[in-house]
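Work through the exercises below with the sequence and the 3D structure at hand. Try each task before reading its solution.

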Amino acid sequence: MAAVSVQFAPVEDVMAPTASFPPAPQHIVDECHDAIMTAAAKAPTESLEPVTTSVHRKRNVFDMFRLDGRVAVVTGGARGLGYSMAEGLCAAGLSGIAILDLQTDLGESACKQLHSEYGVSARFYRLDVRDEVAVQDAMDSVVRDLGKIDILILSAGVADLVHAEDYSPAKFRRVIDINLNGSFVCAQAAGKHMIAAGRGGSIIFIGSMSGSIVNWPNPQSAYNASKAGVIHLMKSLSAEWAQHRVRCNSISPGYMDTPLNTTYEETYFHEWKSRTPMGRLGQPEELAGCALWLASDASSFCTGSDILIDGGYTVL
C-alpha cells in the first residue's frame, strides 16, 4: 500500500486571528470597573467551610453492630447455643425477639430472662420445625406480634451417635428432617416476609465443623450429612436471595461445652478436648460475637460464608 502524506497547517496559522476589533469606548470600560469594585465590596469577608472530597460519611465502627429497632427470631433458642446467641443480639439493642422451641418451660423462662435483663419485647412460640404449617403460622405470628422479621438464627438441631450399620432409617431421617429440612422450612417462611417487606434481612444458619470434616471417631453419619446439607443450603439461598438484600451465612461450631455434649463425658468428652489445638471445648457465649456481626450492618457485604469456630480443630 502506498504511503499517504497528510499535511497540517502550522499552529501559528491555525490560531491566528481572522479579524481585528477596535478597542471599547473608555466610558464602557469605566462602568465595568465600577461594577466589579462595588460587587467586591459587598462580598462576605468570612472564610468558607473547607470542601471535602470524600463521598462517604464516616461511621463509628461500633455503631455498625447496633441492632436498634430490629426484630430477631431464634429457633432452638430456649437454651444452649441458641440462647447465648439470642442474648448477644439483645445486648445490641433489639426491639423484639421471638424464641421458637419445643420446650415450653425453658422457652418461656428464656423470654422472661431476656426481657428482664435487656428490656426487649420477647415472645415464645412452641414449635416443631418439621411441621411446615406450624412454622408458617409461627412466622406470621411473629410479624403480627412484633411487627416484622429482620434476623433469623436457625439453631434448632439434634445429634445421634449411632454406628452406621445399626442406624435405623427412621432415626436417620429424623436427624435430616430436623437439622436440614427444618432449617429450610424456617428459612423459607421467614424469607418470604423479608422479601415482601423489601428491607432485606440476615439469616444465620447453624452448621457444624462436621459439615466440612468427619470428626473421627464419632459414629454420626446422619448428623454429618445433615450439617453438610445445611451449609450448602445456606450457600444456595444466599445466591438466590441476594437480589432481595437477604443475606445468608452460617456459623459452624466445633465441640462446645453444652448440656448435650456433656452427656458424653465418659466416652468422648476428653478425646474431643485432646484433639482440639486449643485444648478445650468452646463456651456457648463464644458464638455470640460472630452471630452479632452476621446479624448487623457490620457484615453488610458478607453473604454465602461459612464461619468455623472450632478452636483450631479443622486445621489439623
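The exercises cover a sheet, its inner strands and a pair of helices.

This is a predicted model, in which local features need pLDDT of at least 70 and side-chain atom pairs count only at pLDDT 80 or more, while totals for chains, interfaces and linings use all residues. Residues are numbered from 1 along each chain as its sequence is written, and side-chain values use heavy atoms, with hydrogens and water left out.

**Exercise 1.** Determine the order of the strands in the open sheet and which strands stand at its edges.

Solution. Strands are DSSP runs of E with at least two residues, and helices are runs of H or I with at least four, numbered from the N terminus. Two strands pair if DSSP finds at least two bridges between them. The order of the 7 strands is β3-β2-β1-β4-β5-β6-β7, with parallel pairing. β3 (121–126) and β7 (306–309) each have a single partner strand, so one side of each lacks a neighbour in the sheet.

**Exercise 2.** Follow the pairing from β2 through β1 and β4 to β5.

Solution. Start with β1 (residues 71–75), which pairs with β2 in the parallel sense over 5 bridges; here Ala72 is opposite Ile97. On to β4: β1 and β4 share 4 bridges, also in the parallel sense, and Val73 faces Leu152 across this pair. Finally, 4 bridges connect β4 with the parallel strand β5 (residues 201–206), where Ile204 is the bridge partner of Ile153.

**Exercise 3.** Sort the residues of β2 by the way they point, and state whether β2 is enclosed or not enclosed.

Solution. In a regular strand, side chains alternate between the two faces of the sheet. Gly96, Ala98 and Leu100 point one way from β2, and Ile97, Ile99 and Asp101 the other way. Buried means under 20% relative accessible area, with exposed over 50% and partly exposed in between (1.4 Å probe, protein chains only). Since 6 of the 6 residues of β2 (residues 96–101) are buried, the strand is largely enclosed by the rest of the structure.

**Exercise 4.** Describe how helices α6 and α7 pack.

Solution. Axes are lines fitted to C-alpha atoms, for helices over the stretch in contact, and angles run from 0 to 180 degrees between N-to-C directions. The axes of α6 (residues 169–197) and α7 (residues 221–241) lie 8 Å apart, at an angle of about 15°. Therefore α6 is roughly parallel to α7 (angles under 35 degrees count as roughly parallel, over 145 as roughly antiparallel, 65 to 115 as roughly perpendicular and the rest as oblique).
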